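Let's take a walk through this one together. Have the model open and turn it as you read.

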Amino acid sequence: MELTDLATIRALCEKYDFALSKGFGQNFIINPGVPAKIVDAAGIDRRYGVIEIGPGIGVLTKEMAKRAGKVVAIEVDKRLPPVLAETLAGFDNVKVILQDVLKTDLRALVEQEFPGMPVAVCANLPYYITSPIIMKLLEDKLPVENITVMVQKEAAERLAALPGTRESGAVSCAVRYFAQPRMMFTVQAGSFYPAPKVTSAVVRMDIRPTPAVQVPDEGAYFALVRAAFGQRRKTAANSIAAGLKLPRPQVAAALEAAGLDPRVRPEQLTLEDFAALDAALRQGAGQ
Ligand code: SAM
């Protein structure tokens, strides 16, 4: 069964009385070259256990099942497991879990399902929750080697953006802190059914053995990063003062103590700058 074939998708929809849901971000891959390209980008082979988020009707799942040791696919739409039972029949290394990925204990899942195996996350993500999923994958500190995801091109650019450059945001800082991201390739809207309005792109994030900068309190560090980007088009000082409920002069003094211009914009700050600013705030500069 060729799952990238529109006729196959329509027949499955009819048979299982299934209509694609916009609400769940269902845009299925119909370009036959794309699944293999994504799995190539993820560097998955027989040694690997793979977590897939949102298998849909299984087009990417099938490609991974052919090449990985084991695949665990987490799907939230309860109408899909019966479809997947048919489309993935014949693969004994795939398990489908009916669950919301944001409510899944992924650490426990990795320990249970993939003991002793290198693990990767690979998915064509539901675009409406790209950032929450990425943040969860990173903050859960999963013992995974890499996370390879297809997302909207603009989201991909933010994931891969180097902190301190124009495209960067809070999510770019989180990605770069935990991982080394790489933009792999773009995929045109016509490669999906239904076609989304935007171009997509695949990003691979290789998880670092240790974070890119050392900070005393990760929670406080990311609270600072989030606050800095909390108010678009404001200076970092104003956003941080508002977000962390600190007097503005105190934040300005901390920026100076960290060797930074008090008028700096958040996207101009590197991970090291945020660490220096965090240290200055901690030492009570300006109080
Ligand atoms: N992997 C398929 C493909 O590439 O053709 C489908 C990708 S589609 C863009 C996103 C998938 O994620 C859908 O199957 C959707 O039902 C599922 N999904 C949406 N929200 C989810 C959530 N919170 N947890 C798990 N899966 C979710």
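**Two domains and what lies between them**

The domain assignment splits the chain into domain 1, residues 6-207, and domain 2, residues 218-284. Keep in mind that you're looking at a predicted model. The C-alpha centres of domain 1 and domain 2 sit 34 Å apart. Where they touch, domain 1 puts in 14 residues and domain 2 puts in 13.

How much area is buried between domain 1 and domain 2? It comes to about 1,000 Å², with carbon and sulfur atoms giving 66% of that. If you want a place to zoom in, try Ala170, Cys173 and Tyr177: together they supply 42% of the area that domain 1 buries against domain 2, more than any other three residues.

Now for the polar side of the contact. Between domain 1 and domain 2 there is one salt bridge. Look for the side chains of Lys141 and Glu218, which meet in a salt bridge at 2.3 Å, N to O. Six residue pairs, with both partners at pLDDT 80 or more, are in polar contact between domain 1 and domain 2. Helix H8, residues 170-178, brings six residues to the side of domain 1 that touches domain 2, which is the largest share. Sorted by class, that side of domain 1 has six nonpolar, four polar and four charged residues.

**Around the ligand**

Next, swing over to the ligand. Which of the 24 residues around it come nearest? Those are Ile29, Gly54, Glu75, Asp100 and Asn124. Glu75 also shows up in the polar contacts, as an N or O atom in its side chain is 2.6 Å from an oxygen atom of the ligand. Gly56 uses its backbone instead, with a polar atom there lying 3.2 Å from an oxygen atom of the ligand. For a nitrogen atom of the ligand, go to Tyr128, where a polar side-chain atom lies 2.9 Å away.

**Two backbone oddities**

Before you close the viewer, check the backbone in two spots. Most residues other than glycine have a negative phi, and most peptide bonds are trans. Asp17 is not a glycine, yet its phi is positive at about 50°. You'll find Asp17 in the loop between helix H1 (6-15) and strand S1 (28-29). The other spot is the bond joining Tyr193 and Pro194: this peptide is cis, with omega at about -10°. Pro194 itself is placed in the loop between strand S8 (192-193) and strand S9 (200-207).

Methods. Residues are numbered from 1 along each chain as its sequence is written. This is a predicted model: local features need pLDDT of at least 70, side-chain atom pairs count only at pLDDT 80 or more; totals for chains, interfaces and linings use all residues. Side-chain values use heavy atoms; hydrogens and water are left out. Domain bounds come from an automatic or database domain assignment. Contact means heavy atoms within 4.5 Å. Buried area is the accessible area (1.4 Å probe) that two parts lose on being put together, summed over both. A salt bridge is a side-chain nitrogen of Lys or Arg within 4 Å of a carboxyl oxygen of Asp or Glu. A polar contact is a pair of N or O atoms within 3.5 Å; within protein, one must be able to donate a hydrogen and the other to accept it, and residues adjacent in sequence count only if both atoms are side-chain atoms. Helices (H or I, at least four residues) and strands (E, at least two) are DSSP runs, numbered from the N terminus. Ala, Val, Leu, Ile, Met, Phe, Trp, Tyr, Cys and Pro count as nonpolar, Asp, Glu, Lys and Arg as charged, and the others, Gly among them, as polar. A residue is near a molecule or strand if one of its heavy atoms lies within 4 Å of it.
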